[in-house]
Amino acid sequence: NTDTSMIHDHLKLLAGNEETDKIYEFYLDFLAHLIKKPGINPEVALLIKSVEGVGKNILFDNFIENVLGIDYYKPNAVIEDIIGNFVDNSTTFVSVLNEINGMDGYKQGVDDKLKKIITAKFCDRHDKGMKKMLNIRNCMRIIGFTNNENPLKISNKDRRFQIVEVKGDPKEQEYFTQLYKAINDKSILLK
């Protein structure tokens, strides 16, 4: 019997705000949807804010890489990798915006382009020097991590973002060593 408690405890830590149980269930549903329905866009992006050293990305990055593989995952995307002119997201199931700093998120038009790609059923692919391919199924999920108070221009009524503010304290290196081992243990990962 394999113990998955450290992974679940870390997810609960990352859900640690006034609605911990609700956010924890959202995380589980978000990850389950990725595995069960990878070709369907959930039409919501996840944005996790916290102080540095809480471990915002270790669980999601390693889980996604181990389950999907690197071919379907952009682990260190910047906003231009998602909404730029010559971008191919046609085989990307997850893009992670790591350490969103706020400067890119407030550039003219970024908010509207992000909103569009989060909810679009279809996207276009335009390789440089090639004819644009239209109406490719959009199945990309976006997960953002930040230490900044205002990383993106988002209205407090926007339904496209699940914003979670983690209240946890920074963890010691030994905690992350154990968590990393648990996340990368194939017998634990798919439980």
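The following dialogue explains how several terms are applied to this predicted model.

Modeller: The model is predicted, so local features need pLDDT of at least 70 and side-chain atom pairs count only at pLDDT 80 or more, while totals for chains, interfaces and linings use all residues. Residues are numbered from 1 along each chain as its sequence is written, and side-chain values use heavy atoms, with hydrogens and water left out.

Biologist: Why is the contact of Y27 and F60 called an aromatic pair that is edge-to-face?

Modeller: Rings of Phe, Tyr and Trp (its six-membered ring) pair if their centres lie within 6.5 Å; planes under 30 degrees apart count as stacked, over 60 as edge-to-face and the rest as tilted. The structure holds five aromatic pairs. In the one formed by Y27 and F60, the centres are 5.4 Å apart and the planes stand at 80°, so the pair is edge-to-face by that definition.

Biologist: Which parts of the chain does this pair link?

Modeller: Y27 belongs to helix 2 (residues 20–36) and F60 to helix 3 (residues 56–68), 33 residues apart. Helices (H or I, at least four residues) and strands (E, at least two) are DSSP runs, numbered from the N terminus.

Biologist: Are Y27 and F60 buried or exposed?

Modeller: Buried means under 20% relative accessible area, exposed over 50%, and partly exposed in between, with a 1.4 Å probe and protein chains only. Y27 has a relative accessible area of 0% and is therefore buried; F60, at 0%, counts as buried too.

Biologist: What makes the pair of F60 and F145 tilted?

Modeller: Its planes are 45° apart and its centres 6.0 Å apart, so the pair falls under "the rest", which is tilted. Because F60 lies in helix 3 and F145 in strand 6 (residues 141–146), the pair ties together parts that are 85 residues apart in sequence. F145 is buried, with a relative accessible area of 0%. Ring pairs join Y27, F60 and F145 into a cluster.

Biologist: How do you know that the charged end of K12 sits over the ring of Y24?

Modeller: A charge sits over a ring if NZ of Lys or CZ of Arg is within 6 Å of the ring centre and within 35 degrees of the ring normal. The charged end of K12 is 5.0 Å from the centre of the Y24 ring. K171 likewise lies over the face of Y175, at 5.3 Å from the ring centre.

Biologist: Why is E43 called partly exposed?

Modeller: E43 has a relative accessibility of 28%, and therefore counts as partly exposed. E43 lies in the loop between helix 2 and strand 1 (45–49), and has a positive phi of about 60° although it is not a glycine.

Biologist: What makes strand 2 and strand 7 edges of the sheet?

Modeller: The open sheet has five strands in the order 2-3-6-1-7, with parallel pairing. Strand 2 (73–77) and strand 7 (161–165) each have a single partner strand, so one side of each is left without a neighbour in the sheet.

Biologist: How do you know that strand 2 and strand 3 pair?

Modeller: Two strands pair if DSSP finds at least two bridges between them. Strand 2 and strand 3 have three bridges, in the parallel sense, so the definition is met. A77 stands opposite L97 in strand 3.
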